[in-house]
Amino acid sequence: MRWGSSHLALIRAASDPLARWISIGGTVDGWTLKGIERDFIVVKRASREVQIPILQKQAPQSAGTAD
C-alpha cells in the first residue's frame, strides 16, 4: 500500500495474533522489511535475506442467480 510517499505492508508474524502495517525499515519478529514489490516483500535478519510472496485475497465468487 502507498500512503503518500511511504510504502507499507500488512504483515502478521506467526507469533502475533494480529497483522500490523510496517513501513520499509520497520521490524517484525526480528526481521527488517527491506523492500515491497508487486508480488513479494523482502525481509532481512543478520545476513539472511528472504522474499515472501504477497497473498492476494480475492473476492468470493458469487453464486449464480436462478431466473
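Met1, Leu10 and Trp21 come together as a nonpolar patch on the surface, and their combined accessible area is about 340 Å². Trp21 belongs to strand S3, which covers residues 20-23. With a relative accessible area of 47%, Trp21 counts as partly exposed, because that label covers the range between the 20% limit for buried residues and the 50% limit for exposed ones. The model is a predicted one, and that goes for everything described below.

Zooming out, the protein chain is an all-strand affair, with zero helices and seven strands. Read from the N terminus on, the elements simply go β-β-β-β-β-β-β. Of the 67 residues in the protein chain, 19% are buried. The accessible surface adds up to about 5800 Å², and carbon and sulfur atoms own 51% of that. As for contacts with a separation of 6 or more, residues 24 or more positions apart supply 7% of them.

Back in S3, Arg20 is part of the stretch of residues 20-23 that makes up the strand. Arg20 forms a salt bridge with Asp16, and the closest N and O atoms sit 4.0 Å apart. The structure has one salt bridge in total. Side chains of opposite charge can pair like this when their charged atoms come close. Both partners are partly exposed: Asp16 has a relative accessible area of 23%, while Arg20 comes in at 39%.

The next part of the picture is an open sheet of four strands, ordered S4-S5-S6-S7, with antiparallel pairing. S4 (27-28) and S7 take the edge positions with a single partner strand each, so one side of each has no neighbour in the sheet. In general, the strands of a sheet are held in pairs through backbone hydrogen bonds, in either a parallel or an antiparallel arrangement.

At the S4 end, S4 and S5 are paired in the antiparallel sense over two bridges. Here Thr27 stands opposite Thr32 in S5. S5 itself takes in residues 31-36, and Lys34 is found in this strand. Lys34 is partly exposed, its relative accessible area being 45%. Leaving aside residues up to four places away in sequence, Lys34 touches Ile24, Val42, Val43 and Lys44. Val42, Val43 and Lys44 fall within S6, which spans residues 40-45. Arg45 lies 11 residues along the chain from Lys34, and the C-alpha atoms of the two are separated by 10.0 Å.

At the other end of the sheet, S6 and S7 pair in the antiparallel sense over six bridges. In this pairing Arg45 stands opposite Arg48 in S7. The two strands make a hairpin with two residues between them, and Ala46 in the turn has a positive phi of about 55°. S7 runs over residues 48-53, and of its six residues the number buried is zero, so the strand lies largely in the open. S7 is also one of the edge strands, with a single partner strand, so one of its sides is without a neighbour in the sheet.

Note on methods: Residues numbered from 1 in each chain as written. Predicted model: local features only at pLDDT ≥ 70, side-chain atom pairs only at ≥ 80, totals over all residues. Heavy atoms only, no water. Buried < 20%, exposed > 50% of the residue type's maximum accessible area, 1.4 Å probe, protein only. Contact = heavy atoms within 4.5 Å. Patch = residues over 30% accessible without salt bridge, like charges linked within 9 Å, V, L, I, M, F, W, Y side chains within 5 Å. Areas by Shrake-Rupley, 256 points an atom, 1.4 Å probe, with all protein chains shown as cover. Salt bridge = Lys/Arg side-chain N within 4 Å of Asp/Glu carboxyl O. Pairing = 2+ DSSP bridges.
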